[in-house]
Amino acid sequence: DNGPHREGGHNPDYWNSNGIFRGIKRDLYDGGTRVPMIATWPGTIEAGSESDHISAFWDFFSTAAEISGRKLDTKTDGISYLPTLMGKGKQREHEYLYWEFHARKGRVAIRKGDWKGVRYDVAKNPDSTLELYNLKDDPGESNNLAAQHPELVAELDNLIRQSRVESPNPRFNFPK
């Protein structure tokens, strides 16, 4: 699952459940989004193999379809990670990954390479401050570099705006 939580009286701080990562479930910092994946497929996936491939849950559907030999009837943002699982072929990468969360005053995040932008309180202010982190140098997202990289903040902000799709369900839309 995606990150430790506080539901049911759970205290994620007790066992240091998210380690070096900031945030918990329903946060868009890596403590709430980063999840290891474990796969086994005797004779196909090399036992003990590891990969740093970055994917998202929406890639699973594309991967399962490729494994089964089925063509998807609908277009998705997913990219099959079967080449990574099998250790064969060239793995396609996402140009970037985008998340949004509508509860808790609205949150969006975007990751492009080692860079991650995080914006909170979007339901109150869609133009709230975009935080910027270099995950390679700062996996705990403790040093906001937005002031040092305004051009990157602008690029990620533009990608967020391009990625955002209005929902037919108004509860899932942020104010304009």
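A pocket here is an open set of grid points, on a 1 Å grid over the protein atoms alone, with protein on both sides within 12 Å along at least five of seven lines. Keep that in mind for the last stop of the tour. The model is a predicted one.

**The whole chain**

Start with the chain in cartoon view. Four helices and four strands make up its secondary structure, and from the N terminus on they run α-α-α-β-β-β-β-α. Along the principal axes, the C-alpha atoms fill a box of roughly 50 × 40 × 35 Å. The chain has 176 residues, and 38% of them count as buried. Switch to a surface: about 11500 Å² is exposed, with carbon and sulfur atoms supplying 52% of that area. Among contacts with a separation of 6 or more, 42% join residues 24 or more positions apart.

**Salt bridges**

Side chains of opposite charge can pair when their charged atoms come close. The whole structure holds eleven salt bridges; three of the pairs are visited below.

Select Arg107 and Asp27. Their side chains form a salt bridge, 2.7 Å from N to O. Arg107 belongs to strand 2 (residues 107-112) and Asp27 to the segment before helix 1 (30-33), so this pair ties together parts of the chain 80 residues apart in sequence. Are these two residues buried or exposed? Both Arg107 and Asp27 are buried.

Next, select Asp30 and Arg34. Their closest N and O atoms are 3.0 Å apart, in another salt bridge. Asp30 counts as buried because its relative accessibility is 5%, and the cut-off for buried is under 20%. Arg34, with a relative accessible area of 39%, is partly exposed. Add Lys116 and Glu141 to the selection: with Asp30 and Arg34, they are linked in a network of salt bridges.

Now select Arg161 and Asp127. This salt bridge has its closest N and O atoms 2.5 Å apart. The pair links distant parts of the chain, with Arg161 in helix 4 (residues 150-163) and Asp127 in the loop between strand 3 (115-120) and strand 4 (130-134), 34 residues apart. Arg161 counts as partly exposed, at 43% relative accessibility.

**Single residues in loops and segments**

Select Phe57, in the loop between helix 1 and helix 2 (58-68). At 71% relative accessibility, Phe57 counts as exposed. Draw a C-alpha to C-alpha distance from Phe57 to Val35: the two residues are 22 positions apart in sequence and 9.8 Å apart in space.

Asn16 is in the segment before helix 1. Its phi is near 55°, a positive value in a residue other than glycine. Asn16 is partly exposed, with 47% relative accessibility.

Asp121 also has a positive phi, near 60°, and is likewise a residue other than glycine. Look for Asp121 in the loop between strand 3 and strand 4. Its relative accessible area of 31% makes Asp121 partly exposed.

**The second largest pocket**

Finish by selecting Val122, Pro126, Arg161, Arg164 and Phe174. Which site do these residues help to line? They belong to the twelve lining residues of the second largest pocket, and they are the ones nearest its centre. The volume of this pocket is about 210 Å³. Colour the lining by residue class: seven residues are nonpolar, five are charged and none is polar. Arg161 has already appeared on this tour, as the partner of Asp127 in a salt bridge.

Technical notes:
Residues are numbered from 1 along each chain as its sequence is written. This is a predicted model: local features need pLDDT of at least 70, side-chain atom pairs count only at pLDDT 80 or more; totals for chains, interfaces and linings use all residues. Side-chain values use heavy atoms; hydrogens and water are left out. On a 1 Å grid over the protein atoms alone, a cavity is a set of points where a 1.4 Å probe fits but cannot get out, and a pocket is an open set with protein on both sides within 12 Å along at least five of seven lines; lining residues have an atom within 4 Å of a point. Grid points are joined across faces, edges and corners, and a volume is the space filled by probe spheres set on the points. Ala, Val, Leu, Ile, Met, Phe, Trp, Tyr, Cys and Pro count as nonpolar, Asp, Glu, Lys and Arg as charged, and the others, Gly among them, as polar. Helices (H or I, at least four residues) and strands (E, at least two) are DSSP runs, numbered from the N terminus. Buried means under 20% relative accessible area, exposed over 50%, partly exposed in between (1.4 Å probe, protein chains only). Contact means heavy atoms within 4.5 Å. Accessible areas come from the Shrake-Rupley method with a 1.4 Å probe; for residues, only the protein chains shown count as cover. A salt bridge is a side-chain nitrogen of Lys or Arg within 4 Å of a carboxyl oxygen of Asp or Glu.
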